[in-house]
Amino acid sequence: MPEIKVTPLGAGQDVGRSCILVSIAGKNVMLDCGMHMGYNDDRRFPDFSYITQNGRLTDFLDCVIISHFHLDHCGALPYFSEMVGYDGPIYMTHPTKAICPILLEDFRKITVDKKGETNFFTSQMIKDCMKKVVAVHLHQTVQVDDELEIKAYYAGHVLGAAMFQIKVGCESVVYTGDYNMTPDRHLGAAWIDKCRPDLLISESTYATTIRDSKRCRERDFLKKVHEAIERGGKVLIPVFALGRAQELCILLETFWERMNLKAPIYFSTGLTEKANHYYKLFITWTNQKIRKTFVQRNMFEFKHIKAFDRAFADNPGPMVVFATPGMLHAGQSLQIFKKWAGNEKNMVIMPGYCVQGTVGHKILGGQRKLEMEGRQIVSGNVSQEGPSAVADWIRIHSELEVKMQVEYMSFSAHADAKGIMQLIRQAEPRNVLLVHGEAKKMEFLKQKIEQEFHVTCHMPANGETVTVHTNPNIPVDVSLGLLKRELTIGKVLSVQLISTIFKKYYLLNIFTNLYSRVQPKDHMSFWGRGRHPLLDTPSNALLYPPSWQKKRVQRWVCEGCGLGGAQRPVKRGLEGCLWSLGPEVSHPCCIDTGLGRYLQALLCVGLICFHVAAGRWLGPPPKGQSQRKQSHAGDQESHLSACVCWAFHVVGQIFLFHIRC
């Protein structure tokens with residue numbers, strides 16, 4: 001039986017370092033390549049040894065897909081491609097391709113230039129890595145090779161974030177990355193069609209959280225900021241460069257304008273200009289309101305928000321500062337936090353999720369005494385490069401007491417529990433796998449998913465492989481050549497031709513042209529039927545239109561004895577499969593054209609003839625035994641009903657033929 005194997009290299013029962021290895025129908029795809037913000041050693045990167053122990057990664061992986069530009073999803077990409085070694089294609093959306101190298105370079109500067117770390121990628125490695133990137137559009141089906149194709153769907157969350165469908169033949173996987181099912185002030189809600197994948201891999205950051213209304217959160221946020229400003233305090237809001245920063249800037253800009261407040265609002269230097277540039281460039285990724293008003297007024301050109309300089313942190317009086325990064329694990333936000341933490345008038349508002357191990361996570365957990373790590377120059381030339389430059393610094397540790405007010409306001413752009421359930425309902429997957437969440441919360445959500453949707457839900461840890469068995473549908477088309485051949489040798493399209501086809505245990509579903517292969521005994525066991533005395537095939541249910549069949553099985557092809565070795569699907573462009581049905585019936589498939597539909601209508605006429613013949617073959621009802629009389633009458637009524645149904649279908653097929661022509 002076909003199967004899909006999934007191994008998390010990161011984000012398995014954990015938040016951060018997203019990296020998922022998927023094996024589907026002989027193809028290997030790596031989903032995201034992030035780093036963990038809570039570690040400063042080798043644990044920050046995924047363990048790529050799980051991919052393969054021998055040989056080059058390029059020979060094993062068919063492609064890498066990056067869902068969006070956040071570092072916990074793309075931060076390890078240069079390390080993976082340039083230091084570990086991968087030369088294959090890397091797929092991401094156009095906004096992600098534009099913004100990703102900027103954030104990678106900013107993080108490299110913080111890690112290498114300021115912290116003095118050595119085992120890290122260089123600026124040139126980032127450039128070389130981005131040369132391997134292939135940008136994709138939303139809803140564009142990209143053919144990676146002859147069999148593997150991917151398709152991107154809008155995910156909300158941040159500019160350029162996408163969910164990806166990976167498809168090989170009839171098997172498919174959907175990977176959500178990070179997504180948001182609620183529209184906000186500058187982005188729309190995530191959307192995906194009813195693709196019914198074999199497996200949905202979903203994030204579960206807020207697996208047990210159901211957020212209150214967006215309006216209430218915004219009101220509480222503005223109230224807290226205003227109170228801190230009124231008492232003369234300073235407000236620090238740690239954010240990532242793009243995403244929540246723009247959302248909260250629009251909110252504060254509107255509030256400051258309405259209330260005529262004079263306290264300054266600052267944003268990290270340079271990031272405002274970069275954000276404006278990319279939102280102008282990718283305006284089609286924003287929500288409808290932004291797109292409509294963009295020509296008259298650019299919502300990202302702020303009147304009250306100015307660029308921040310480090311010297312401003314020591315200025316007296318109230319102020320609001322947006323600083324990066326968002327988890328207080330490094331950079332300007334951490335430096336400002338150290339300066340302001342000792343004043344109880346000040347406030348820090350954490351607007352999003354903080355990974356375990358970061359300063360943000362510690363203070364949200366109630367910790368008020370923090371051990372901070374820093375560096376101090378002891379000797380040597382600071383500008384010197386190479387290993388000796390590291391010796392010019394020593395690491396120092398100091399304790400920081402936090403007196404400032406700490407608030408958590410969830411403006412995170414992740415889906416909450418309600419949103420995750422909504423996406424599952426929308427996509428209708430056959431199996432679900434949860435990643436990017438905490439183990440206890442994932443366990444709770446797993447039970448809810450299995451109870452409500454009656455599907456199997458998995459939540460593997462890092463390095464643990466989950467195997468999902470699939471039952472793919474195999475496309476088969478009615479052969480035009482078959483019908484032509486039978487007509488040219490003098491056969492009439494009637495019971496004889498239908499018998500020829502059905503004696504091979506194949507049912508042609510002329511409503512959908514999609515089938516699944518099953519053994520006759522399994523099929524009869526499912527329907528609870530005996531063998532038909534006329535054609536020696538499973539009776540009744542097979543010969544009636546799919547609308548009469550059980551809902552959960554709509555497409556069937558029954559495979560009979562003696563044909564097992566001869567049936568081999570052969571790819572033929574976009575038209576489907578070539579099937580060898582044995583020596584008597586061997587023809588190429590028929591493409592779905594107007595003529596094909598007309599011939600399908602003729603096939604319906606043949607089915608009507610068959611049911612008329614079958615009804616007559618039953619003969620007069622038997623004498624005595626009322627139960628047998630009743631059964632006999634029911635069979636005759638069934639055949640008569642089938643005749644009427646197929647007749648209606650004939651009219652429908654001819655009508656479709658005329659429309660398409």
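What follows is a walk through some local features of this protein chain, which comes as a predicted model.

To start with the overall picture, the protein chain runs to 661 residues, and 53% of them count as buried. Its secondary structure comes to 19 helices and 29 strands. Contacts also reach a long way along the sequence: taking pairs of residues at least 6 apart, 73% of the contacts join residues at least 24 apart.

Helix α13 is a handy place to look at how the pieces pack. This helix covers residues 417-427, and its axis comes within 11 Å of the axis of helix α14, residues 439-453. The two axes cross at roughly 35 degrees, and the crossing is right-handed. On the α13 side, the contact is made by Ile 420, Met 421, Ile 424 and Arg 425. The α14 side brings in Leu 445, Lys 448, Ile 449, Glu 452 and Phe 453. Sorted by type, the residues of this contact come out as 6 nonpolar and 3 charged, with no polar ones.

Helix α13 is mostly covered, with 8 of its 11 residues buried. The buried set is Ala 417, Gly 419, Ile 420, Met 421, Leu 423, Ile 424, Gln 426 and Ala 427. So what sits over them? The cover includes the strands β9 (162-168), β11 and β20 along with helix α14. Right after α13 comes Glu 428, which has a positive phi near 55 degrees.

Strand β11, one of the elements covering α13, spans residues 199-203 and has Leu 199 in it. Is Leu 199 buried or exposed? Its relative accessible area is 0%, so Leu 199 counts as buried. Setting aside neighbours within four places in sequence, Leu 199 touches residues from several parts of the chain: Ile 4 and Val 6, then Ser 172, Val 173 and Val 174, then Asn 431, Val 432 and Leu 433, and finally Val 468. Leu 199 also pairs up in space with Cys 457: the two are 258 residues apart in sequence, yet their C-alpha atoms are 9.5 Å apart.

Another buried spot is His 68, in the loop between β4 (63-65) and α2 (71-74). His 68 has a relative accessible area of 0%, which is why it counts as buried. Its side chain makes a polar contact of 3.0 Å with the side chain of Ser 67. A second polar contact, of 3.5 Å, links the side chains of His 68 and His 70. Beyond its neighbours within four places in sequence, His 68 is in contact with His 73, Cys 74, Thr 96, His 157, Val 158, Ala 161 and Asp 178.

Helix α7, residues 244-259, reaches 22 Å from its first C-alpha to its last, close to the 22 Å expected for its 16 residues. Like α13, this helix is mostly covered. In α7, 12 of the 16 residues are buried, among them Arg 244, Gln 246, Glu 247 and Glu 253 as well as Leu 248, Phe 255 and Trp 256. The residue after α7 is Asn 260, with a positive phi near 55 degrees.

Gln 288 offers a contrast in exposure. This residue is in helix α9 (residues 288-293) and is partly exposed, at 49% relative accessible area. Gln 288 and Leu 187 are 101 residues apart in sequence, with 8.4 Å between their C-alpha atoms.

A few backbone details round things off. Most residues other than glycine have a negative phi, and most peptide bonds are trans. Against that background, Arg 17 has a positive phi of about 60 degrees although it is not a glycine. Arg 17 is in the loop between β1 (3-10) and β2 (19-24), and at 11% relative accessible area it is buried. His 436, also not a glycine, has a positive phi of about 55 degrees. This histidine lies in the loop that runs between β20 (431-435) and α14, and His 436 counts as buried, with 2% relative accessibility. Finally, the peptide bond between Thr 324 and Pro 325 is cis, with omega about -5 degrees. Pro 325 belongs to the loop between β15 (319-323) and α10 (331-340).

Technical notes
Residues numbered from 1 in each chain as written. Predicted model: local features only at pLDDT ≥ 70, side-chain atom pairs only at ≥ 80, totals over all residues. Heavy atoms only, no water. Axes fitted to C-alpha atoms, helices over the stretch in contact; angles between N-to-C directions. Helix = DSSP H or I, 4+ residues; strand = E, 2+ residues; numbered from the N terminus. Left-handed = near helix turned anticlockwise from the far one by under 90°. Contact = heavy atoms within 4.5 Å. Nonpolar A, V, L, I, M, F, W, Y, C, P; charged D, E, K, R; others polar. Buried < 20%, exposed > 50% of the residue type's maximum accessible area, 1.4 Å probe, protein only. Polar contact = N/O pair within 3.5 Å; in protein donor to acceptor, adjacent residues only side chain to side chain. Expected span 1.5 Å × (residues − 1).
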